[in-house]
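Here is a short tour for someone new to this structure. Take a look at the model, then read on.

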Amino acid sequence: GGDTSASTHLYDDWYICDTTGSNNNDFMGAVKIETLLPDAAGDSSDFTPSAGSNYQNVDEVPIDTTTYNESLATSGNKDLFNIDSLSAISGNVKGVQVTSYAISTEGQVITVEGLVKSSITEDNAGTFYIGSDIYQPFSAVWETDPTLGGSWSVSNINTLQIGYEVS
């Protein structure tokens, strides 16, 4: 026998449900996850781009930290971006996750939040504490559309703006 503890496991497109809340609280069966990237400026551009337009500095996978958007730790500063349209998903959408990367260059911990704008409603989620020296990912999840209060529709996703805000 050999050492079986040194193995690699790769996971893709998975979710975890618990029994709390009224949405997504039980097994949902097979689901699709689709990545949508910023493709144009949204309604707010408070951060200063290192090059080009704000959305062009955050539209790559994997992340590229040679271009970025920066702001002083000024509460309320935010960037919003229009995103690609859904192409592989139809029907109701179980949730939206916005993932961003941030670093503090001010020698202090800053707080940031994920941000979506659905129709005319902006909604922040999560408070993330970002330190210095290394980019840190932070993700916020919305199980329901903040404008309608129910399931996300494809048409609402296709007009959604995503971003981040200094809290």
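## Strand S9 and its partners

S6 and S9 are joined by six bridges, and the two strands run antiparallel. Within this pairing, Leu 115 stands opposite Gly 163 in S9. Keep in mind that this is a predicted model.

S9 has a second partner. Five bridges join S4 to S9, which covers residues 161-166, and this pair is antiparallel too. Two positions show how S4 and S9 line up. Leu 80 has Gly 163 as its bridge partner in S9. Phe 81 stands opposite Ile 162 in S9.

How well is S9 covered by the rest of the structure? Six of its six residues are buried, so S9 is largely enclosed. Both faces are covered. Gln 161, Gly 163 and Glu 165 are buried on one side. Ile 162, Tyr 164 and Val 166 are buried on the other.

## Strand S4

S4 spans residues 78-83 and is mostly covered, with five of its six residues buried. Besides S9, strand S4 pairs with S1. Strand S1 takes in residues 38-45, and four bridges join it to S4 in an antiparallel arrangement. Pro 38 has Ile 83 as its bridge partner in S4.

## Salt bridges

How many salt bridges are there? The count comes to two. As a general point, side chains of opposite charge can pair when their charged atoms come close.

One salt bridge joins Lys 117 and Asp 43, with the closest N and O atoms 2.6 Å apart. This pair links distant parts of the chain, 74 residues apart. Lys 117 is in strand S6 (residues 110-118), and Asp 43 is in strand S1. Is each partner buried or exposed? Lys 117 has 14% relative accessibility and counts as buried. Asp 43 has a relative accessible area of 52%, so Asp 43 is exposed.

Another salt bridge joins Glu 122 and Lys 78, and here the closest N and O atoms are 2.6 Å apart. Glu 122 belongs to strand S7 (residues 121-130) and Lys 78 to strand S4, so the pair links distant parts of the chain, 44 residues apart. Glu 122 counts as partly exposed, at 30% relative accessibility. Lys 78 is buried, with a relative accessible area of 16%.

## Aromatic pairs

The count of aromatic pairs comes to three. Phe 47 and Tyr 164 form one that is edge-to-face. Their rings are 5.0 Å apart centre to centre, with 75° between the planes. Phe 47 lies in the loop between S1 and strand S2 (48-49), while Tyr 164 lies in strand S9, so the pair ties together parts that are 117 residues apart in sequence. Both rings belong to buried residues: Phe 47 has a relative accessible area of 10%, and Tyr 164 has 11% relative accessibility.

Next come Phe 128 and Phe 138. Their ring centres are 5.2 Å apart and their planes meet at 35°, so this pair is tilted. Phe 128 is in strand S7 and Phe 138 is in strand S8 (residues 136-142), so the pair ties together parts that are 10 residues apart in sequence. Phe 128 is partly exposed, with a relative accessible area of 22%. Phe 138 is buried, at 3% relative accessibility.

Which residues do ring pairs link into a cluster? The members are Phe 47, Phe 81 and Tyr 164.

## A surface patch

Tyr 11, Trp 14 and Ile 16 form a nonpolar patch on the surface. Together they have about 450 Å² of accessible area. Trp 14 is placed in the segment before S1. At 54% relative accessibility, Trp 14 counts as exposed, because the cut-off for exposed is over 50%.

## A loop residue: Gln 108

Where is Gln 108 found? Gln 108 sits in the loop between strand S5 (96-102) and S6. Its relative accessible area is 43%, so Gln 108 is partly exposed.

What does Gln 108 contact, leaving aside its neighbours within four places in sequence? Its contacts are Ala 73 and Ile 130. Ser 71 is 37 residues from Gln 108 along the chain, and the C-alpha atoms of the two are separated by 14 Å.

Notes
Residues numbered from 1 in each chain as written. Predicted model: local features only at pLDDT ≥ 70, side-chain atom pairs only at ≥ 80, totals over all residues. Heavy atoms only, no water. Buried < 20%, exposed > 50% of the residue type's maximum accessible area, 1.4 Å probe, protein only. Pairing = 2+ DSSP bridges. Salt bridge = Lys/Arg side-chain N within 4 Å of Asp/Glu carboxyl O. Contact = heavy atoms within 4.5 Å. Phe/Tyr/Trp six-rings, centres within 6.5 Å; stacked < 30°, edge-to-face > 60°. Patch = residues over 30% accessible without salt bridge, like charges linked within 9 Å, V, L, I, M, F, W, Y side chains within 5 Å. Areas by Shrake-Rupley, 256 points an atom, 1.4 Å probe, with all protein chains shown as cover.
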